[in-house]
Amino acid sequence: MSARLAVFCSGGGSNFQAILDYLSLGTRSSRVEVALMATDRKDAGAIARARQSAVPVAIMDVASRTDGLGALLAAHDITHIALAGYIRFVPTDVTASFRGRIVNIHPALLPAFGGPGMYGQRVHVAVRAAGVTVTGATVHFVDAAYDHGPIIAQWPVPVFPDDSADDIARRVLDVEHALYPRVVHDVATGRITLGSDDCVQGRPAPKLPFFSLRDAPALPDDLLDPPAS
Ligand code: GRF
């Protein structure tokens, strides 16, 4: 039986589009069907993308979603959920009943720069203000707390001194588009699962693109010496 995926979006939906594109290739579409795009915003760019691909759209009434979301998902026979730029809290009855079958992408290396209020451009503004030299994207299973569930995959992205928050956002978004569809596919097809001990199983070994700690060059002995005056 193929998985029936619901994607939840609040914004432009470029990650949703990346999922649609990835799943439409080869035999993937017979294994995972994008069966619903659900949004809390009637002006979400993701709506046009869904209609273009003949994916059913649900515009949720935020005030009544606590009662209605489980029923909506059941009506569409949804087996898996991907949050893609969805900024609302998912009711705990849904995160509990979809445990191990609901994932989220966050545009930073969790647990850094995550949690309530840390979404969209705010993440990249905070990254820039903190002066970190590495950020990235994180895909994780969703539990009852914001940006908290077991981490499935992460990909680092460098931050350069002259980057604006927009520069960082663009660089991270490119990585999201490559990473998220693959993880969504692997979760929906059962290649990646969540064990009863909350450990992620079946995750491929991470392939870091520009450095790995194992290969890091030895630090020079005088790294922390004060500069010569
Ligand atoms: C992405 O950076 C996603 O990680 C974050 O919000 C952004 C949504 O972009 N949660 P889009 O709607 O997928 O274009």
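Q: Which pocket is the space taken by the ligand?
A: This is a predicted model. Its pockets can be ranked, and the ligand fills one of them. The space taken by the ligand is the largest pocket.

Q: Which helices each supply at least two residues of the shell around the ligand?
A: The shell includes Ser14, Asn15, Leu173 and Glu176. Two helices each supply at least two of the shell residues. They are α1 (14–23) and α7 (165–188).

Q: How do the residues of the shell around the ligand divide into nonpolar, polar and charged?
A: Gly11, Gly12, Gly13 and Gly85 are among the shell residues. Gly counts as polar here. Ile105, Pro107 and Leu173 are also in the shell, and these residue types count as nonpolar. Glu176 belongs to the shell too, and the division is three nonpolar, six polar and one charged.

Q: How much of the accessible area that the ligand has on its own does the protein cover?
A: Polar side-chain atoms of Ser14 and Glu176 each lie 2.5 Å from an oxygen atom of the ligand. A backbone N or O atom of Gly12 lies 3.4 Å from a ligand oxygen. On its own, the ligand has 360 Å² of accessible area. The protein covers 81%.

Q: What kind of aromatic pair do Phe8 and Tyr86 form?
A: The count comes to two aromatic pairs. For Phe8 and Tyr86, the distance is 5.3 Å centre to centre, with 80° between the planes. Planes over 60 degrees apart set the class. The pair is edge-to-face.

Q: How many residues apart are Phe8 and Tyr86?
A: Phe8 sits in strand β1 (residues 3–9). Tyr86 sits in the loop between β4 (80–83) and α5 (92–97). The pair links distant parts of the chain, 78 residues apart.

How values were computed
Residues are numbered from 1 along each chain as its sequence is written. This is a predicted model: local features need pLDDT of at least 70, side-chain atom pairs count only at pLDDT 80 or more; totals for chains, interfaces and linings use all residues. Side-chain values use heavy atoms; hydrogens and water are left out. A residue is near a molecule or strand if one of its heavy atoms lies within 4 Å of it. A polar contact is a pair of N or O atoms within 3.5 Å; within protein, one must be able to donate a hydrogen and the other to accept it, and residues adjacent in sequence count only if both atoms are side-chain atoms. Accessible areas come from the Shrake-Rupley method with a 1.4 Å probe; for residues, only the protein chains shown count as cover. On a 1 Å grid over the protein atoms alone, a cavity is a set of points where a 1.4 Å probe fits but cannot get out, and a pocket is an open set with protein on both sides within 12 Å along at least five of seven lines; lining residues have an atom within 4 Å of a point. A molecule sits in a cavity or pocket if more than half of its atoms lie within 2 Å of its grid points. Helices (H or I, at least four residues) and strands (E, at least two) are DSSP runs, numbered from the N terminus. Rings of Phe, Tyr and Trp (its six-membered ring) pair if their centres lie within 6.5 Å; planes under 30 degrees apart count as stacked, over 60 as edge-to-face and the rest as tilted.
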